[in-house]
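Subject: Structure handover and findings

Hello,

Here is the structure for your work, with the sequence alongside. My notes on what was found follow below.

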Amino acid sequence: MSRKPRSELIELDECDIAPGSVEPFARAAAVLAQGNVLALRINPPATTKEVAVSRARSALIAIAQVLMERHDLPAEAYVEVDDESWGTPVAPFRDRRFLLPHHDGGHCSFLTPSRLDYADLDPSERVFSATVYWKRPSHKVYQGFLVLNPGVPPGQTHYYNTLTLLWDAFSYRHCRAPASLAELAAFAVENVRRSKENQATHGSRYLTLGALLGSRDFAHHVMPSGPRAESELWPAQYIALPALCEMVDRCPCGTCDGPGARVFCHACAHTLGRVWPEFQREYEVTVVGAPYDVLIGNNLTQLHAAESSSSRTIRPLCIVLDRPEGDAYEKWLARQWRIWYETCPAAPHAAQVI
Ligand SMILES: [Zn+2]
């Protein structure tokens, strides 16, 4: 893997997804196992939404099975099919929305290191908040969705390597690259702990990217509603952190459209030395899904963002765990870090193999 994720379209025939079929899914599972983004298309196109959902569910169950058998995914993982989204909520006077880079289920699904790389981490630290979340309490290891209506113009989904961002944030803060994967792991834990210990100040129930990348400015730990670029912040957020007032008025690049985007631009500049448009050029990969395509990627080692019109509808399909803990999970997570680290152009040496 390079600094950006790669996306790969894999097309299967309907006959390939018969019950008990495994081999057709091996290529799809390998894309996910390598930390990349999978676009899955099943031909011929489904004639109804119900058929498309049924096929997508069957395909993901088979892919999860291959991930368990060949790529160390814990045996407790399962496919979670959520309710259809009924249109895309947009801010007042808008007909589109941009969801800023985020982890799905970010109250309990975000990048942490394996305990094999940071033994002092307690699995309970992988929960940022257990109240007021959207929508389910599971730990999402792979997040995906079936495109039901791409909208007009078609929605775009953007992906970013969380580990590349973490590496660059460490390098920007310390004026040197991390000496080892263990040092990068310690940086992640330190940053998550800082944000969690200061929840009374920033009030977020979701870990923001600015927090994960180590910002000491708690305004960067505030999550805009959605998290939409266009969203106005809540009055309580301005009262708790008055510095937000100036941030939402003006961002470092001067071009960000919306209060949420401008706060995000500040956090990017502060932690990475790159404003939001530079962030996109450096880290972003874009995938446009056709009707009934499934788009899915690692929800921990990647963040994703989405630009959608109000008419776009999707059906979330994720591979999840009830609890992110246990020897099998720690081994799988350690492997995910290494898959990135072993191919990172800037890494000084290969990590110890788990
Ligand atoms: Zn900006």
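**The six-stranded sheet**

Six strands form an open sheet with mixed pairing, in the order S1-S2-S8-S5-S10-S3. Its edges are taken by S1 and S3, each of which has a single partner strand, so one side of each is left without a neighbour in the sheet. From one strand to the next, the twist averages 20 degrees. Please keep in mind throughout that this is a predicted model.

Strand S1 (residues 7–13) pairs with S2 in the parallel sense, over seven bridges. Between the two, the chain passes through helix H1 (residues 26–33), and this β-α-β crossover is right-handed. Two positions help to fix the register: Leu9 stands opposite Ala39 in S2, and Glu11 has Arg41 of S2 as its bridge partner.

S2 also pairs with S8, here antiparallel and through three bridges. Leu38 is matched with Ile296 of S8 as its bridge partner. Five of the seven residues of S2 are buried, so the strand is largely enclosed by the rest of the structure.

Helix H2 lies across S2, S3, S5, S8 and strand S10 (313–321). The angle between H2 and S10 is about 20 degrees.

**The four-stranded sheet**

There is also an open sheet of four strands, with antiparallel pairing and the order S4-S9-S6-S7. Strand S4 (96–102) and strand S7 (285–288) are its edge strands, each pairing on one side only. Neighbouring strands in this sheet are turned against each other by 15 degrees on average, direction ignored.

Strand S6 (residues 156–161) runs antiparallel to S7, and four bridges join them. One residue pair to look up is Thr157 with its bridge partner Val287 in S7. Helix H3 (residues 162–174) lies across S6 and strand S9 (302–309). H3 runs at about 50 degrees to S6.

**Helix H4**

Helix H4 (residues 181–197) has 17 residues. From its first C-alpha to its last it reaches 24 Å, close to the 24 Å expected at 1.5 Å a residue.

Which residues of H4 are buried? They are Leu181, Leu184, Ala185, Phe187, Ala188, Asn191, Val192 and Ser195. Seen down the axis of H4, these buried residues fall within an arc of 155 degrees, so they line one face of the helix. The general background is that an α-helix has 3.6 residues a turn, so residues three or four places apart point the same way.

The buried residues of H4 pack against H3, helix H6 (209–212) and helix H11 (327–341). The face of H4 turned away from its buried side carries the exposed residues Glu190, Arg193 and Glu197.

**Backbone geometry to check**

Two cis peptide bonds may be of interest if you set up the model for calculations. One joins Asn43 and Pro44, with omega about -5 degrees. Pro44 sits in the loop between strand S2 (37–43) and helix H2 (49–71). Another runs from Val152 to Pro153, with omega near -10 degrees. Pro153 belongs to the loop between strand S5 (139–149) and S6.

Positive phi values also turn up in residues other than glycine. Asp72, which is not a glycine, has a positive phi of about 70 degrees. Asp72 is placed in the loop between H2 and strand S3 (78–81). For Tyr292, also a residue other than glycine, phi is positive and near 75 degrees. Tyr292 is found in the loop between S7 and strand S8 (294–298).

Are these two residues buried or exposed? With 17 other C-beta atoms within 10 Å, Asp72 is partly exposed. Tyr292 has 23 other C-beta atoms within 10 Å and is therefore buried, the cut-off for buried being 20 or more.

Regards

Terms used. Residues numbered from 1 in each chain as written. Predicted model: local features only at pLDDT ≥ 70, side-chain atom pairs only at ≥ 80, totals over all residues. Pairing = 2+ DSSP bridges. Axes fitted to C-alpha atoms, helices over the stretch in contact; angles between N-to-C directions. Contact = placed C-beta atoms within 7 Å. Buried ≥ 20, exposed ≤ 12 C-beta atoms within 10 Å, placed from the backbone. Right-handed = clockwise from strand over helix to strand, strands pointing away. Expected span 1.5 Å × (residues − 1). Arc of directions from axis to C-beta.
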